[in-house]
Amino acid sequence: MLLARIEKPYFLLCLVFSQLMFVLLFYRRGASSIFQGIFGSNPAWDYSRTHDVYTNLSFFTPDPEAVRTLYCPVRSPILVGPLSITFGRTPSLKKIQLRNRYVKPGGYFSPKHCYGRYRTAVIIPHRNRESHLQTLLYYLHPLLQRQQLHYAIFVVHQAGNATFNRAKLLNIGVREALRYDTWDCLILHDVDLVPENDYNLYVCDTSRPKHMSSAMDKFQYSLPYWAYFGGVSAVTPDQFMKINGFPNTYWGWGGEDDDIADRIRLSGLSITRTPLSLGRYKMIPHDRDNGNEENLHRYNLLKNTRKTWKEDGMNSLHFTLLSREQTALYTNITVDIGEAPPAPTEDSRWKFF
Ligand code: BGN
């Protein structure tokens, strides 16, 4: 049958022509981009060709005649892809303000020419990292504006010298952010991680919590281990409440992100992840902070997440609110969250194994 067809000259001509087209495409775009085109995933990013993070922001110059009638498109048309990120001199708050003229007090932004389709709150736990915060704000504001989000940035500042507690600060950030507005998505963001690609959208997956910082430079742009959920993640308010928020009991460095990953699993959800080619982040170089020493309790805590997650979380969150301020570039929530319990002895640390 095939032989019979091959004998027909027009069939042979079509065959040769289609083969020629395939070779041509293969040569011009590369095999991976053809497969990505067919299967609909992202293009292969070239991180050696980067763009200024302030590209295309003139798009937001308000037109006094324009009337906002439509939702912004699902995928913003002004994204640029890989971004140039350098950690030289810390940009001053004044400079960041001047370059982000349409950001309103509290770090709010809403596109002027269309209704922001997605409403995103970015929550950043913080203490004594002013220079990192300024660097992050310098890169994050323009990226979020280009994504045409209705967004605000909330910084949760732990007052005093007690041991740092990232997960408890995140719980507070969520509770406070939800007082100000309704949000589709809560982005839980470390202060020292800067996204390298504006196609990494700061929006949630409605069915699963999303781990966004899947490829960090400090881990050679791959995951340190499969269940890793640290750095930057995105959850809807519903997902957050379903897992009873985050644990309040992890003081100091380590383990709280693993507890969060466990809660997600224990509550019947699973994790989705930004593809490694897109979830790239640069970490601002720094030494370990004072007041964020290794958490020696974490092994025991993690062993018990199954028993504790329903009692330790949003339903057991206590703190003292010291101030709420709408600064030019973010909403600053300052809190007293109390003190860590005494550290365990070396012996109890190893009981985990
Ligand atoms: C892991 C930490 C995480 C941390 C990553 C990356 C623990 C728990 C041990 C049982 N987990 O080892 O919290 O984000 O390294 O640095 O220490």
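How many cavities of 30 Å³ or more does the count come to? The count comes to two. The model examined here is a predicted one. The paragraphs below treat the open pocket, then the ligand, and then the enclosed spaces.

The largest pocket holds about 780 Å³ of space. Its lining is made up of 36 residues, and those nearest the centre of the pocket are Arg166, Asp190, Lys218, Trp253 and Asn292. Three elements give two or more residues to this lining: strand E1 (119–126), helix H8 (256–266) and helix H9 (298–303). By class, the lining of the largest pocket comprises 12 nonpolar, 11 polar and 13 charged residues.

Where is the ligand to be found? The space that the ligand takes is the largest pocket. Helices H8 and H9 are the elements that give two or more residues to the shell around the ligand. The largest share of this shell comes from H9, with three residues. The full set of surrounding residues is Phe219, Tyr225, Tyr228, Trp253, Gly254, Gly255, Asp257, Asp258, Arg298, Tyr299 and Leu302. Of the residues in the shell, six are nonpolar, two are polar and three are charged. Trp253 may thus be located twice by the reader, since it belongs to the residues nearest the centre of the largest pocket and also to those that surround the ligand.

Particular atoms of the ligand can be paired with particular atoms of the protein. At glycine 255, a polar backbone atom is 2.7 Å from an oxygen atom of the ligand. At aspartate 258, the partner is a polar side-chain atom, which lies 2.6 Å from a nitrogen atom of the ligand. Arginine 298 likewise places a polar side-chain atom 2.6 Å from an oxygen atom of the ligand. The ligand taken alone exposes 420 Å², and the protein buries 77% of that area.

The discussion now turns to the cavities. The largest cavity has a volume of about 70 Å³. Which residues line the largest cavity? They are Pro73, Val74, Arg75, Ser76, Arg117, Tyr118, Gln147, Gln148, Leu149, Leu201 and Val203. Six residues of this lining are nonpolar, three are polar and two are charged.

The second largest cavity has a volume of about 40 Å³. Its lining consists of Arg166, Leu170, Leu188, Phe229, Ser233, Phe246, Asp257 and Ile260. Helix H6 (166–180) and helix H8 are the elements that give two or more residues to this lining. Five of the lining residues are nonpolar, one is polar and two are charged.

Some residues in the second largest cavity's lining have already been met elsewhere. Arg166 lines this cavity and is among the residues nearest the centre of the largest pocket. Asp257 also lines this cavity, and Asp257 is one of the residues that surround the ligand. Helix H8, in turn, gives two or more residues to the lining of the second largest cavity and to the shell around the ligand.

Methods:
Residues numbered from 1 in each chain as written. Predicted model: local features only at pLDDT ≥ 70, side-chain atom pairs only at ≥ 80, totals over all residues. Heavy atoms only, no water. 1 Å grid on protein atoms, 1.4 Å probe; cavity = no way out; pocket = protein on both sides within 12 Å on 5 of 7 lines; lining within 4 Å. Points joined across faces, edges and corners; volume = space filled by probe spheres on them. Helix = DSSP H or I, 4+ residues; strand = E, 2+ residues; numbered from the N terminus. Nonpolar A, V, L, I, M, F, W, Y, C, P; charged D, E, K, R; others polar. Near = heavy atom within 4 Å. Polar contact = N/O pair within 3.5 Å; in protein donor to acceptor, adjacent residues only side chain to side chain. Areas by Shrake-Rupley, 256 points an atom, 1.4 Å probe, with all protein chains shown as cover. Sits in = over half its atoms within 2 Å of the grid points.
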